[in-house]
Amino acid sequence: MLRVKVIDACRKIDSNGMYQHYMANEYVPTEKIVAYQEQRKNDLLKFHLANNPGYVDFLRRNGINDFENIRWEQLPIITKADLKGKEMIVKSNAHHLHHTGGSTGKPLVYALSRDCVSSLWAAIWRAFNVLDVKPCEALVMVAGTSLFNKESISRKVYNWLNQFHVVSAFDLNDEMLKKTYEMMVRKNIRVVYGYTSSVLCLLKYFDVNNIRFKLKGIFTTSEMMIPAVRELARKCCECDVIDIYGANDGGILAFECKEHCGYHVSWERSFVEIINNRIILTDLFNTSFPFIRYQVEDMTSADSLIVEPCKCGRTMFRLPDVSGRIFDMIKDIDGNMVNSFFFIKSTSDDKSFTQIQVIEKNGVLNVNFISNQHNEEYYSKKYYEIFKRRINRDIKIVVNAPIYTKKNGKSPIYVNLDEHI
Ligand SMILES: [Zn+2]
């Protein structure tokens, strides 16, 4: 805990206190969660109405004039576009300014109040605790720059304090993977955290080279879950994989438990609504920026949260799944929009391939299977008709084509190369 306290002192936050608070809240009665969220929603709204002229303007522009009797459901959904520009920041409560990645278009600059910053790692540590991993326990982080920033010196000190051993998602060649493995052995590192596709690279390296190295746990994030990651983790590392869904804009952190039946939401901070399969977030801690009914650009295949307690005993509400980004929708020639999550769902029982990616190029959907078991003919026979029935487009099935990685280091399930031409 000493490391946590040093980090807290440097950053003027209280992630240690927040972690203790979070750990005490995993099994509270559901009614308590509901009552707490109702109260916090009202307080948050009142606060922004009184202190945030930018947000009040936004409400007026959306036809709201009676601020006394406004009901939650009447509040307009707020989008990234609505929030661009700095006029919605409540400066007195802004502990930290944040920029979204912004690989396309203008990045969003938003503010986080102190409790939000305290909560960033506290919420991740609560997820780590599912596999008994403690705050600041040594881990290998395989990720792109949105999980770490390799440029800054303060970040290096921070990584050292946290015992993060960072491996860039951009350099995952055999030599780097070998070095990573050797470091894990030398320093006895038993935890891996990173982008799902990057973790897959590491596990494949273990598998191909017959490496067996027991881990406490693997935590994946930022991408769609790849079933092969679980298989390989069991085979090569005798451990479970916990997937974590997080979005800093909107303030959500949700994690799987050992039951793997949905993502437990950190309800203290995050009030989640699902409207037309879109995830709508309210950051209950944020008094410096109005993430109030904010449409984060992620979708779920579900209609609502699961509020019944989980088999694991946790009462924390569950998001059944995260089925990708809003941009992951594929349009077919009949005008139907199909979520690219469909490709994962319709192949999820098939253990013969480790990864699937759909690349749209020159109007053709190239469905790429990474497999050392079967060829194109096999997968075409098995899946062409299934895909075609749902998506009326030119579809080509390929095997072992290179996996496309975006500038931010992520490898999404669906990439439209035509859009960038
Ligand atoms: Zn659970």
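**Entry 1: the core**

I looked up the largest nonpolar core in this predicted model. The core holds 104 residues. Which of them touch the most other members? I noted Val142, Val192, Val199, Val229 and Val265. Next I asked which element gives this core its largest share. Helix α6, residues 114-128, does so with ten residues. Where does the core lie with respect to the two domains? Domain 1 (1-324) and domain 2 (327-420) both give residues to it, so the core lies between them. I add a general note: in soluble globular proteins, nonpolar side chains tend to be buried together.

**Entry 2: Val199**

I picked Val199 from that list and looked up its contacts. I left aside its neighbours within four places in sequence. Val199 is then in contact with Val142, Val192, Gly194, Ile218, Thr220 and Val229. Val142, Val192 and Val229 were also on my list of core residues that touch the most other members.

**Entry 3: two domains**

I went on to the division of the chain. Domain 1 runs over 1-324 and domain 2 over 327-420. How far apart are their C-alpha centres? I read 28 Å. I then looked up the contact between the domains. Domain 1 puts in 23 residues and domain 2 puts in 17 residues. Two helices caught my eye on the side of domain 1 that touches domain 2. These are α9 (196-208) and α10 (227-237), and each supplies at least two residues there. By class, I wrote down ten nonpolar, ten polar and three charged residues for that side of domain 1.

**Entry 4: the eight-stranded sheet**

I traced an open sheet of eight strands. Its order is β4-β3-β5-β6-β7-β8-β9-β13, and the pairing is mixed. Which strands are at the edges? They are β4 (164-168) and β13 (318-319), each pairing on one side only.

At the β13 edge I checked strand β9, residues 263-265. β9 and β13 pair in the antiparallel sense, over two bridges. His264 stands opposite Arg318 in β13.

**Entry 5: strand β3**

I moved to the other end of the same order, where β3 follows β4. β3 and β4 pair in the parallel sense over five bridges. Met141 has Val166 in β4 as its bridge partner. β3 also pairs with strand β5, residues 191-195. That pairing is parallel too, over three bridges. Here Val140 stands opposite Val192 in β5.

Is β3, residues 139-143, mostly covered or mostly open? It is mostly covered, with five of its five residues buried. I sorted them by face. One side has Leu139, Met141 and Ala143, and the other has Val140 and Val142. Both faces are covered. As a general rule, side chains in a regular strand alternate between the two faces of the sheet.

**Entry 6: the four-stranded sheet**

I found an open sheet of four strands as well. The order reads β18-β17-β16-β19, with mixed pairing. β18 (394-399) and β19 (414-416) are its edge strands, and each pairs on one side only. How are neighbouring strands turned against each other? The average is 20°, direction ignored.

Last, I looked at the β19 edge. Strand β16, residues 355-361, pairs with β19 in the parallel sense. I noted three bridges. Ile359 stands opposite Val415 in β19.

Terms used: Residues are numbered from 1 along each chain as its sequence is written. This is a predicted model: local features need pLDDT of at least 70, side-chain atom pairs count only at pLDDT 80 or more; totals for chains, interfaces and linings use all residues. Two strands pair if DSSP finds at least two bridges between them. Axes are lines fitted to C-alpha atoms, for helices over the stretch in contact, and angles run from 0 to 180 degrees between N-to-C directions. A nonpolar core is a set of buried Ala, Val, Leu, Ile, Met, Phe, Trp, Tyr and Cys residues joined through C-beta atoms within 7 Å. A residue is buried if 20 or more other C-beta atoms lie within 10 Å of its own, exposed if 12 or fewer, and partly exposed in between; C-beta atoms are placed from the backbone. Domain bounds come from an automatic or database domain assignment. Two residues are in contact if their C-beta atoms, placed from the backbone, lie within 7 Å. Ala, Val, Leu, Ile, Met, Phe, Trp, Tyr, Cys and Pro count as nonpolar, Asp, Glu, Lys and Arg as charged, and the others, Gly among them, as polar.
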